[in-house]
Amino acid sequence: MNTSETNLTHFDASGNAVMVDVSEKAVTFREATAHGIITMNAEAFAAVESGTVKKGDVLGVARIAGIMATKRTSELIPLCHPLPLTKVSVAFRLLPERQAVEALCTVKTAGVTGVEMEALTGVSTALLTIYDMCKAVDKGMELGEIHLVEKTGGKSGHYIRAEGGYV
């Protein structure tokens, strides 16, 4: 077992869950991008693609929801630090061959802790919003492939999933 596995940072000496003390860490530029997919039936995909979903602009609303969610991450995830985010973007790509919408959420800050949780929360909420707006057409939609794509900054270094780990 390596050192990072034996020194769990969210527990004190008595084993109680605590918020990690980051007050001694240096401020660095940090960025994270998360990915996710929502698959749906042909009717729902066609409605999203053509912009004819009765509830309105699905991708526009989902983009705003994802951005808003990143800013609320510390309220949703226990022991997560509130962060002053400097940029959030949520982008979508339609995947007709899969009847799916791909979402990417990128979050930036200059701070003492990373923004991975914010990016993952943003992409998840964007996909959930698509589900909510399209559920009248397809209740069987599936969210998946939610993962961290890349992160920079901090002592753990630069991580890129496509290359299988830290660089």
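1. The loop between α4 and β2. In this predicted model, L79 lies in the loop that joins α4 to β2. The residue has a positive phi of about 70 degrees although it is not a glycine. L79 counts as partly exposed because its relative accessibility is 31%, a value between the limits of 20% for buried and 50% for exposed.

2. The loop between β2 and β3. A second positive phi in a residue other than glycine belongs to Q99, where the angle is near 50 degrees. Q99 is placed in the loop between β2 and β3. With a relative accessible area of 29%, Q99 is partly exposed. R98 lies in the loop between β2 (85-95) and β3 (100-111) as well, and R98 is likewise partly exposed, at a relative accessible area of 37%.

3. The salt bridge from this loop. The side chains of R98 and E145 meet in a salt bridge, with an N to O distance of 2.4 Å. E145 belongs to strand β4 (residues 142-152), so the pair ties together parts that are 47 residues apart in sequence. E145 has a relative accessibility of 40% and counts as partly exposed.

4. Other salt bridges. The structure holds four salt bridges. One of them joins the side chains of E75 and R72, at 2.7 Å from N to O. Its two residues fall into separate accessibility classes: E75 is exposed, with a relative accessible area of 55%, while R72 is partly exposed at 46% relative accessibility. Another is formed by D132 with K135, whose closest N and O atoms are 2.7 Å apart. Here D132 is partly exposed, with a relative accessible area of 34%, and K135 counts as partly exposed at 34% relative accessibility.

5. Overall organisation. The chain contains five helices and six strands. Read from the N terminus, these elements follow the order α-β-α-α-α-β-β-α-β-β-β. The C-alpha trace spans about 55 × 30 × 30 Å along its principal axes. Of the 167 residues of the chain, 37% count as buried. Among contacts between residues at least 6 apart in sequence, 68% join residues at least 24 apart.

6. Helix α5. Helix α5 comprises the 19 residues 116-134. At 1.5 Å a residue it should span 27 Å, and because its end C-alpha atoms are 27 Å apart, the model agrees with that expectation. The buried residues of α5 are E118, A119, T121, G122, V123, A126, L127, T129, I130, M133 and C134.

7. Helix α3. Helix α3 covers residues 58-70. Its 13 residues reach 18 Å from the first C-alpha to the last, close to the 18 Å expected at 1.5 Å a residue. V58, L59, G60, A62, A65, G66, A69 and T70 are buried in α3. The buried residues of this helix pack against α2 (42-50), α4 (73-76), β2, β3 and α5.

8. The packing of α3 with α5. Two packed helices are described by the angle between their axes and the distance between the axes. For α3 and α5 the angle is about 145 degrees and the axes are 7 Å apart. The crossing of α3 past α5 is right-handed. On the α3 side, the contact is made by V58, L59, V61, A62, A65, G66, A69 and T70. From α5 it draws on E118, T121, G122, T125, A126, T129, I130, M133 and C134. The residues of this contact divide into ten nonpolar, six polar and one charged.

9. Strand β2 and K87. K87 is located in strand β2. At 44% relative accessibility, K87 counts as partly exposed. Leaving aside neighbours within four places in sequence, K87 is in contact with T106, V107 and K108. Its C-alpha atom lies 11 Å from that of A119, a residue 32 positions away in sequence; A119 is one of the buried residues of α5.

Terms used
Residues are numbered from 1 along each chain as its sequence is written. This is a predicted model: local features need pLDDT of at least 70, side-chain atom pairs count only at pLDDT 80 or more; totals for chains, interfaces and linings use all residues. Side-chain values use heavy atoms; hydrogens and water are left out. Helices (H or I, at least four residues) and strands (E, at least two) are DSSP runs, numbered from the N terminus. The expected span of a helix is 1.5 Å times one less than its number of residues. Buried means under 20% relative accessible area, exposed over 50%, partly exposed in between (1.4 Å probe, protein chains only). Axes are lines fitted to C-alpha atoms, for helices over the stretch in contact, and angles run from 0 to 180 degrees between N-to-C directions. A crossing is left-handed if the near helix is turned anticlockwise from the far one by less than a right angle, and right-handed if clockwise. Contact means heavy atoms within 4.5 Å. Ala, Val, Leu, Ile, Met, Phe, Trp, Tyr, Cys and Pro count as nonpolar, Asp, Glu, Lys and Arg as charged, and the others, Gly among them, as polar.
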